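I opened this structure to look up its cores, its strands and a few odd backbone angles. My notes are in the order in which I looked.

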Amino acid sequence: MSSLGDLYQEILLEHNSKPRNFRTLDDPTETAEGYNPLCGDQVTVYLKIQDGVITDAGFQGMGCAISKASASMMTQSVKGQTLESAGHVSDAFRRMMTDPDADLDYDALGDLESLSGVVEYPSRIKCAVLAWHTLNAALDGRGDTVTTE
Amino acid sequence: MTDSAPSTPGGPPAAEFDVARIRHDFPILDQTVNGKPLVYLDNAATSQKPRSVIDAVARYYETENSNIHRGIHTLSQMATDDYEAARSKVQRFINAANLEEIIFVRGTTEGINLVAQSFGRANIQAGDEIIVSAMEHHSNIVPWQILCQQTGAKLRVIPMNDAGELLLDEYEKLLGPRTKLVSLVHVSNALGTINPVKTMVQMARGYGAHVLLDGAQAVPHCPVDVQDLDCDFYAFSGHKLYGPTGVGVLYGKAHLLEAMPPYQGGGEMIKSVTFEETLYNALPFKFEAGTPNIAGGIGLGAAIDYVNDLGLDRIGAYESSLLEYGTRLLSDLSNVRIIGTASQKSGILSFVMDGVHPHDLGTILDAEGIAIRTGHHCAQPVMQRFGIPATARASLAFYNTREEIDALVKGLDRVSEVFG
């Protein structure tokens, strides 16, 4: 197991204590809710999509530092992106969480790279991916609550 | 169960309890996890097994593995004798009046489901009421919700105060002529509260209601006498009592069990079968369809022997002193709040820490070799009652030490550092 410092990196802790885009949107075009039944973590993702671009993104919910930081960095990362490039980041993040040896596009991941340590803690991977499952549901226009199970 | 730990005037109970020697009986405790000595504080989830239990299970498989009750050969007789001896040990352990009142099941959950589907469907109708408490494990909520859906009965819930104690005056108000069954947790897994179940059984009796007690967290820590409690059903699991997983016990009063229809059909539970008619077997076998967990039953018998040798009164007294020590240390931490502060408590320390989610806390403690449980503890209504998503829970057993509580507190300092 890697050291705790690899998991709880400074930047992750900073996003946990001061999450970005931690708000509802007044006029979201897409909203989705995510839930992890194992631990009770819950997140709602709000997106405003105009002409194929995510012009605004926000989230609300409660969860651990990893799930909160992941959601915070996610909204930061996809805001202003086309749907296609948001899908690219989402795919890169998913691969970072499932394959420790994956060849990743670190430019696209940006701060999200700080979550790479999570892959060494199998019980915590679901915390990191909850917001992303929810983002994908929002992008697909699925209204149902998605779960990590 | 006594309401408080027995005191030994003039003598130091903790000193008489040789924990260092006892720990040698549990092979799993002697190891490092993530480079640190294992501190196992997740006993309410499952307890560790003494060498004698592991040996009993191994001996069964190595020397007498065979199917029981109908075998004509020697091994089958040996296995049957050992399995039935375990049933007798359970009977004496909880002081049941009759051997046939001891039904082996998979665990507490199956015991409760058995009562819900057999006793419940035969005796509970639309308009009847079933009472549970606000601190039940999901396994003592969902089976009754299913029964209510099937029958049209209503589920009522006894509320609790901020300390995690049930409100008996509210319970009294819920009881009435419609109350058919009260199903209560003896000791709360999420809060540690020891409920005054004997009084609560008597109160239900006044309305002719039957009572089931969920004893999963009670039997490992204090003496239980089902005749003294006068409950109709009592369910518990082997694996929380230092025995194997996959075996548990449902106690039921004989006259009730006699009148109840079978829970599952199959082999073992029949007297004779034709395509026209099946005659059911006598108790307890009527409720034990299929080949049971033979090794598990024998292992549970060995676990009961082990606990009896130590003495549940001494176990209870030692664990109480450990709980008191842990409560004092956690209370001294300004950023920690204990959830569940009932005056009568078993060895459970549920808590939350300012600004730190329990899962992060659990991961950091794990890196220090400390195993605790984090989450809702299969008691989401309890979390809702306290307005929190989850807690961290350290749960004690008699092989834990003050040094391990110190390690927990040191681990919490580390959590504060990381999240500082």
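The entries below go from the cores to the strands, then to the chain contact and the backbone.

**Entry 1: the model**

I noted at the start that this is a predicted model.

**Entry 2: the nonpolar cores**

I began with the largest nonpolar core and found that it has 119 residues. I then looked up which residues have the most contacts inside this core, and they are B:Leu212, B:Cys231, B:Tyr234, B:Val249, B:Tyr251 and B:Ala303. Helix H11 of chain B, residues 294–310, gives the most to this core, with 9 residues. Apart from this core lies another, of 38 residues. I wrote down some of its members, among them A:Met96, A:Val118, A:Leu130 and A:Leu135. As background, I noted that nonpolar side chains tend to be buried together in soluble globular proteins.

I picked B:Tyr234 and asked which residues it touches, leaving out those up to four places away in sequence. The list is B:Ile94, B:Leu213, B:Gly215, B:Val226 and B:Tyr251.

**Entry 3: strand E5 of chain B**

I asked how many residues of strand E5 of chain B, residues 129–133, are buried. I found 5 of the 5 buried, so the strand is largely enclosed by the rest of the structure. I checked each face in turn. B:Glu129, B:Ile131 and B:Ser133 are buried on one side, and B:Ile130 and B:Val132 are buried on the other. This fits a general rule: in a regular strand the side chains alternate between the two faces of the sheet.

Next I looked up the partners of E5(B). It pairs with strand E6 of chain B, residues 154–158, in the parallel sense over 5 bridges. In that pairing, B:Val132 has B:Val157 as its bridge partner. E5(B) also runs parallel to strand E7 of chain B, residues 179–185, and 3 bridges join the two. Here B:Ile130 is matched with B:Leu181 as bridge partner. I also traced the path from E5(B) through helix H6 of chain B, residues 142–151, to E6(B), and these three make a right-handed β-α-β unit.

**Entry 4: strand E17 of chain B**

I then turned to strand E17 of chain B, residues 391–395, where 5 of the 5 residues are buried. Both faces are covered, with B:Thr391, B:Arg393 and B:Ser395 on one side and B:Ala392 and B:Ala394 on the other.

E17(B) runs antiparallel to strand E14 of chain B, residues 348–353, and 4 bridges join them. In E17(B), B:Ala392 stands opposite B:Phe351. Strand E16 of chain B, residues 373–375, also pairs with E17(B) in the antiparallel sense, over 3 bridges. There, B:Arg373 has B:Arg393 as its bridge partner.

**Entry 5: the sheet in chain A**

In what order do the 4 strands of the open sheet in chain A stand? I read the order as E3-E2-E1-E4, with mixed pairing. Strand E3 (53–62) and strand E4 (146–147) stand at the edges with a single partner strand each, so one side of each is left without a neighbour in the sheet. Strand E2 of chain A, residues 42–50, runs antiparallel to E3(A), and 9 bridges join the two. I noted one matched pair, A:Lys48 with its bridge partner A:Asp56 in E3(A). Helix H6 of chain A, residues 125–139, packs on the sheet and touches E1, E2, E3 and E4 of chain A. Its direction makes about 145° with that of E1(A).

**Entry 6: where the chains touch**

I looked up the contact between the chains and found 13 residues from chain A and 13 residues from chain B. The side of chain A that touches chain B has 10 nonpolar, 2 polar and 1 charged residues.

**Entry 7: backbone angles**

I looked up a cis peptide bond, from B:Leu283 to B:Pro284, with omega near -5°. B:Pro284 lies in the loop between strand E12 (278–280) and H11 of chain B.

I also looked up two positive phi values. B:His69 is not a glycine, yet its phi is about 80°. B:His69 is in the loop between helix H3 (51–64) and helix H4 (74–93) of chain B. B:Tyr242 has a phi near 70° and is in the loop between strand E9 (233–237) and strand E10 (248–252) of chain B.

Is each of these two buried or partly exposed? B:His69 counts as partly exposed because it has 18 C-beta neighbours inside 10 Å. B:Tyr242 is buried, with 28 other C-beta atoms within 10 Å.

Technical notes: Residues numbered from 1 in each chain as written. Chains lettered and ligands numbered in written order. Core = buried A, V, L, I, M, F, W, Y, C linked by C-beta atoms within 7 Å. Buried ≥ 20, exposed ≤ 12 C-beta atoms within 10 Å, placed from the backbone. Contact = placed C-beta atoms within 7 Å. Pairing = 2+ DSSP bridges. Axes fitted to C-alpha atoms, helices over the stretch in contact; angles between N-to-C directions. Right-handed = clockwise from strand over helix to strand, strands pointing away. Nonpolar A, V, L, I, M, F, W, Y, C, P; charged D, E, K, R; others polar.
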